Each structure stands twice: as C-alpha cells, then as structure tokens.
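Subject: A structure for you to look at

Hello,

Here is the structure I promised to pass on. Please have a look at it first, and then read my notes below.

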Amino acid sequence: MKDYIILDFDSTFIKIESLDELIITFIRDRDSLIKIQNLTKMGMNGEISFQKSLIERIKFLNINKNDLDIVIDVLNQNITDSFQKNKKFIQQNNEKIFIVSGGFFELIYPIVSKFGIKKKNIFANKFIYDKNDKIVGFDKNNPLSKNNGKVKIIKSLNLDGNVIVIGDGYTDYEIKKYGYANKFYLFIENIKRKKILDKGDFLLKSLDDFINNYNHE
Ligand SMILES: [Mg+2]
C-alpha cells in the first residue's frame with residue numbers, strides 16, 4: 001500500500017511559529033503586540049473563530065511582499081535540527097510528502113522547496129496583495145483559514161493508501177480523529193503540548209525516530 005506523509009510546518013518542520021515571527025518582526029509597539037497575543041489566545045481557546053483571529057491579526061501588518069524576505073531568512077535559520085539532518089530522506093520521499101499548514105504559503109515554500117517538496121504538495125494560506133504588493137488580507141475561501149481546515153484538505157485529497165500525519169498540534173491530531181489518517185505521530189522535538197500528549201500513536205522526539213521506524217516496517 002502506498003504511503004502518504006503529511007507534515008505540519010510551524011513548530012514541526014521549523015522550530016518556531018512563522019506567523020508569530022512575522023508579527024514580531026514588523027510590529028514593535030507593545031500595545032499592538034499585547035492585542036495580537038490576545039487574539040491568538042482567543043482563537044486557540046475557541047472564543048473567536050480561527051479565521052476571525054487571523055483577520056484581526058493581519059490588520060496590524062503594514063508590509064509589502066518584499067518585506068517577507070526578512071522573515072524567510074529567520075525561518076531558514078530555524079529549521080528543526082532533525083529535519084535539517086535528514087534532508088536526504090525528505091528529498092528521496094518528496095513525492096509522498098505533503099505540507100499542510102495554517103501558516104502562509106509565501107513563508108513556507110522558500111523553506112521546504114530546498115528539501116525537494118513540490119508546490120503541488122503544499123497546502124497553506126495565501127496572502128492577498130494590492131496593486132503595490134502591499135499585504136491587504138488573505139484568501140478567506142481557503143479551508144486552511146478556517147477551523148478544521150486540515151481535515152477538509154486531507155479529505156479533499158482523497159489519498160488512496162496509508163496516511164501518516166506528523167505534527168505538534170491539535171489540528172494535526174484532528175485529521176486522524178475524523179478518520180482521514182491511519183496514524184498520528186506527535187512531534188515533540190520543538191514543543192511538548194501537554195493537552196495532546198495522549199493523542200499520538202507515537203511520540204517523536206525527532207524525525208530520526210520516525211525514519212528509523214519507517215525503514216524497518
Ligand atoms: Mg505546528
């Protein structure tokens with residue numbers, strides 16, 4: 001049976017959260033940062049929808065497409081150690097690897113393309129620009145901008161085979177919860193979220209744990 005490996009991006013492929021990094025880079029005043037932190041929290045607690053939290057946070061950004069390069073540099077320096085180490089494995093398995101993220105394509109593609117991951121295998125949010133390339137919002141019809149987005153994406157892909165999800169968060173676990181993955185590997189190299197520790201079929205301390213297992217199956 002064919003395998004599909006679904007990888008999360010933030011705190012999995014990279015050590016940090018890309019949207020947080022984008023906001024920290026460009027928003028310097030304390031009041032705005034506190035408001036943004038609250039919006040993130042409210043989104044996570046379910047007090048407001050994920051999309052609402054995204055809309056409100058993006059409003060604070062006053063940047064152009066080119067400004068993203070600064071953040072891409074930082075993300076490049078924060079690739080998870082075991083991913084960097086196992087670049088070859090990712091390159092050799094690039095056809096079966098998908099990146100599914102609530103983050104932004106523009107920040108993800110420059111990082112993962114160096115590992116041989118193709119555009120068609122990346123599912124993420126996308127910014128909307130005005131005629132001067134200023135970021136004015138994001139595509140609100142993209143399922144990944146809404147709750148349960150990852151589940152909807154995997155469902156729509158109709159993958160015929162063994163679906164393995166690797167991620168650090170609840171939205172990654174949900175793919176398996178709703179029946180669209182055979183296995184959920186909870187990735188704890190960067191962050192260990194206590195609330196979902198019992199949700200993983202396996203705990204991965206690094207990508208090595210996965211690869212060692214995978215090669216012996
Ligand atoms: Mg994550």
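To start with the rings: how many aromatic pairs are there? The count comes to 17 aromatic pairs. Please keep in mind throughout that this is a predicted model.

**Two ring pairs**

Let me begin with F104 and F138. Their ring centres are 6.3 Å apart and their planes meet at 75°; the cut-off for edge-to-face is over 60 degrees, so this pair is edge-to-face. F104 belongs to strand β2 (residues 97-104) and F138 to strand β5 (residues 135-138), so to speak of them is to speak of distant parts of the chain, 34 residues apart, that the pair links. Both rings belong to buried residues: F104 has a relative accessible area of 1%, and F138 has a relative accessibility of 2%. F138 has a further partner, since the charged end of K140 sits over its ring, 5.5 Å from the centre.

The pair of F105 and Y109 is stacked, with 5.5 Å from centre to centre and 10° between the planes. Both residues lie in helix α7 (residues 105-112), 4 residues apart, or about one turn of the helix. Why can two such residues meet? An α-helix has 3.6 residues a turn, so residues three or four places apart point the same way. F105 is buried, at 13% relative accessible area, whereas Y109 is partly exposed, at 28%.**Helix α7**

This helix is mostly covered, with 6 of its 8 residues buried. The buried ones are F105, E106, L107, I108, I111 and V112. They pack against α1, α4 (68-76), β2, β3 (122-125) and β4 (127-129).

**The cores**

The largest nonpolar core has 47 residues, and F13, I166 and F210 touch the most other members. Helix α7 gives the most to this core, with 5 residues. Leaving aside residues up to four places away in sequence, F13 touches L7, D8, I79, T80, F83, I90, I99, I111, V112, F115 and I117. Another core lies apart from the largest one and has 17 residues, among them Y173, F184, L186 and I196. In soluble globular proteins, nonpolar side chains tend to be buried together.

F13 also appears in a cluster of rings, where ring pairs link F9, F13, F83, F115 and F187. Over the ring of F115 sits the charged end of K87, 5.0 Å from the ring centre.

**The magnesium ion**

Which residues coordinate the magnesium ion? They are D8 (OD), D10 (O) and D168 (OD), at 2.1 to 2.2 Å. Along the chain these donors follow the spacing D-x1-D-x157-D. D8 is in the loop between β1 (3-7) and α1 (18-26), and D168 is in the loop between β6 (162-167) and α9 (170-177); the two are 160 residues apart and link distant parts of the chain. Both D8 and D168 are buried.

**The whole protein**

The secondary structure comes to 10 helices and 8 strands. The radius of gyration is 17 Å, close to the 17 Å that the globule rule gives for 217 residues, so the protein is as compact as a globular protein of that length. Its C-alpha atoms fill a box of roughly 50 × 35 × 30 Å along the principal axes. Of the 217 residues, 49% are buried. Among contacts between residues at least 6 apart in sequence, 61% join residues at least 24 apart.

Enjoy looking around, and best wishes!

How values were computed
Residues are numbered from 1 along each chain as its sequence is written. This is a predicted model: local features need pLDDT of at least 70, side-chain atom pairs count only at pLDDT 80 or more; totals for chains, interfaces and linings use all residues. Side-chain values use heavy atoms; hydrogens and water are left out. Rings of Phe, Tyr and Trp (its six-membered ring) pair if their centres lie within 6.5 Å; planes under 30 degrees apart count as stacked, over 60 as edge-to-face and the rest as tilted. Buried means under 20% relative accessible area, exposed over 50%, partly exposed in between (1.4 Å probe, protein chains only). A charge sits over a ring if NZ of Lys or CZ of Arg is within 6 Å of the ring centre and within 35 degrees of the ring normal. Donors are N, O and S atoms within 2.8 Å of the metal (3.2 Å for Na, K and Ca); water is not among the atoms, so sites may look incomplete. A nonpolar core is a set of buried Ala, Val, Leu, Ile, Met, Phe, Trp, Tyr and Cys residues joined through side-chain atoms within 4.5 Å. Contact means heavy atoms within 4.5 Å. The radius of gyration is taken over C-alpha atoms; the globule rule is 2.2 Å times the number of residues to the power 0.38.
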